[in-house]
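Here's a quick briefing on the model below, written for someone who likes cut-offs spelled out. Have a look at the structure first, then read on.

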Amino acid sequence: MFLEPQEAMPQTAVVFSSILGPSCSGQVQPSMGERGGGAGSGSGELIFQDGRLISGSLEALMEHLVPTVDYYPDRTYIFTFLLSSRVFMPPHDLLARVGQICLEQRQRLEAGPEKVVQLLKEWTEAFPYDFQDEKAMAELKAITHRVTQCDEENGTVKKAIAQMTQSLLLSLAARSQLQELREKLRPPATDKAPVLKAKPPAAQKDILGVCCDPLVLAQQLTHIELERVSSIHPEDLIQIISHMDSRDNHRCRGDLTKTYSLEAYDNWFNCLSMLVATEVCRVVKKKHRTRMLEFFIDVARECFNIGNFNSMMAIISGMNLSPVARLKKTWSKVKTAKFDVLEHHMDPSSNFCNYRTALQGATQRSQTANSSREKIVIPVFNLFVKDIYFLHKIHTNHLPNGHINFKKFWEISRQIHEFMTWTQVECPFEKDKKIQSYLLTAPVYSEEGLFIASFESEGPENHMEKDSWKTLRTTLLNRA
């Protein structure tokens, strides 16, 4: 629960409880503190309700972060405030203010230097990339220097600071190496304009020539998903709010890198959808196209069973693209019962209620899992982002009394923390480099190329399609 116990040291885990009711909406009902009131009680400039901190001034929330002789902030609060505070100020400014609070109330340093170091340790572990900023690193050094001066006799604090600093530098070095590798592997910009003859050579492999087992392909897709999503960090996700908030004029160093992680994962979804459509449309014979569609339906079904909802949605989206959906003669030969079940799970009505129910089931399975296979939960990323966006847009950052609406940030933080828990699962399936290489590097058609291949497979059936096909051919001939 969101309690603030006055305990000497932090809890061993960040524990959240949802403030949502048992609803399919996946979104918070409009009673997140905007109206205030209730059985609330004040503690200085902090307001609690039923033992839960629901609002406070930014200054009071910052002071609540800093330990005292007989108080250490709950670990859930530390994570939530460090995450949400960047909506209002960059991390280096918060770190500077923490240092000022320690100086202004020097007894905090003198009576409990170990607690201050513990707070800094939790910060550097949860959000190490805050310290890519030279200003933040300078503030960290300043605070640790003051703390060391308060504990010159026994040296235990100095040792803890050295260990914390070493771990932080290792994290930053790993991040830097990953960024360099991404830059090397980033494909060069190429002209992807389709040629009129969209069909590939007959000898060119398709997905079935690489992997004909739907379960194996679903497992390899899960590998790719977990590898990509693991590069996303909590601060990347809170950027969704920061970039939308017109009141946020601060930009921390590294914003572009953080945004790149989100964009790269989002692009993977689009690439998988286009790959599915390409694999279907490029097939010459109707019988083989039918087999290809049924294969991807089975792959999507296996993804669902694994808990890989993002790949499942990408595959369904690929099969629903117009160039594929219009292949009526091909679809007439497909046993669509399985596909209908998949579409039912991803039915957008009632804010994807069916999907959210399935996601909740996968989450519960993960929480009680006895094996790593049962721990896998990969949500539909676009829907997750939309939920965060919705939470931000319908609930104000500040209440009428000027307080920060912390109830809102509890919920945003809870959802982000849950997402991060899912990203830390180690993939239990054996990696197949050949299959993954195909999935990641196989050429895909542009939208124009898909329509060309589709019309060549099954000619236009109505005036609108005939006009589209005529326009396409004219455009491409002129381009040639």
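Phe 352 has its place in helix H17, where helices (H or I, at least four residues) and strands (E, at least two) are DSSP runs numbered from the N terminus. Keep in mind that this is a predicted model: local features need pLDDT of at least 70, side-chain atom pairs count only at pLDDT 80 or more, and totals for chains, interfaces and linings use all residues. Residues are numbered from 1 along each chain as its sequence is written, and side-chain values use heavy atoms, with hydrogens and water left out.

**Helix H17 and its phi angles**

- Phe 352 has a positive phi, near 55 degrees, and is a residue other than glycine.
- Phe 352 counts as buried at 17% relative accessibility; buried means under 20% relative accessible area, exposed over 50%, and partly exposed in between (1.4 Å probe, protein chains only).
- Ser 350 also lies in helix H17, and its phi is positive too, near 55 degrees, again in a residue other than glycine.
- For context, most residues other than glycine have a negative phi, and most peptide bonds are trans.
- Ser 350 counts as exposed, because its relative accessibility is 58%.
- Asn 351 sits in helix H17 as well, which covers residues 349-367.
- With a relative accessible area of 26%, Asn 351 is partly exposed.
- Asn 351 and Leu 383 are 32 residues apart in sequence, and their C-alpha atoms are 9.5 Å apart in space.

**The chain as a whole**

- The protein chain's secondary structure comes to 22 helices and four strands.
- Out of 480 residues in the protein chain, 50% count as buried.
- Take the contacts (heavy atoms within 4.5 Å) between residues at least 6 apart in sequence: 78% of them join residues at least 24 apart.
- About 23,300 Å² of the protein chain is exposed, and carbon and sulfur atoms supply 53% of that; the areas come from the Shrake-Rupley method with a 1.4 Å probe, and for residues only the protein chains shown count as cover.

**Strands E2, E3 and E4**

- Strand E2 (residues 46-49) and E3 run antiparallel, joined by four bridges; two strands pair if DSSP finds at least two bridges between them.
- Leu 46 stands opposite Gly 56 in E3.
- The hairpin of E2 and E3 has two residues between the strands, and Asp 50 takes a positive phi there, near 55 degrees.
- E3 also pairs with strand E4 (residues 404-405), in the antiparallel sense and over two bridges.
- Ser 55 has Asn 405 in E4 as its bridge partner.
- Strand E3 (residues 52-56) is largely enclosed by the rest of the structure, because four of its five residues are buried.

**Aromatic rings**

- The count comes to 17 aromatic pairs, with this rule: rings of Phe, Tyr and Trp (its six-membered ring) pair if their centres lie within 6.5 Å, and planes under 30 degrees apart count as stacked, over 60 as edge-to-face and the rest as tilted.
- Tyr 77 and Phe 406 form a tilted pair, at 5.5 Å centre to centre and 45 degrees between the planes.
- That pair links distant parts of the chain: Tyr 77 is in helix H2 (residues 75-84) and Phe 406 is in helix H19 (residues 406-423), 329 residues apart.
- Tyr 77 is buried, with a relative accessible area of 0%, and Phe 406 counts as buried at 1%.
- One aromatic cluster is formed by Tyr 77, Phe 81, Phe 406 and Trp 410.
- Arg 86 has its charged end over the ring of Phe 127, 4.8 Å from the ring's centre; the test is NZ of Lys or CZ of Arg within 6 Å of the ring centre and within 35 degrees of the ring normal.

**Cysteines**

- How many disulfides does the structure hold? The answer is zero, where a disulfide is a pair of cysteine sulfur atoms within 2.5 Å.
- The sulfur of Cys 212 has its closest cysteine sulfur in Cys 211, and they don't bond because 6.3 Å is too far.
- Cys 212 counts as exposed at 54% relative accessibility, whereas Cys 303 is buried at 0%.

**Helix H6**

- Ala 142 lies in helix H6 (residues 134-149) and counts as partly exposed at 26% relative accessibility.
- The C-alpha atoms of Ala 142 and Ala 96 are separated by 8.9 Å, with their positions 46 residues apart along the chain.
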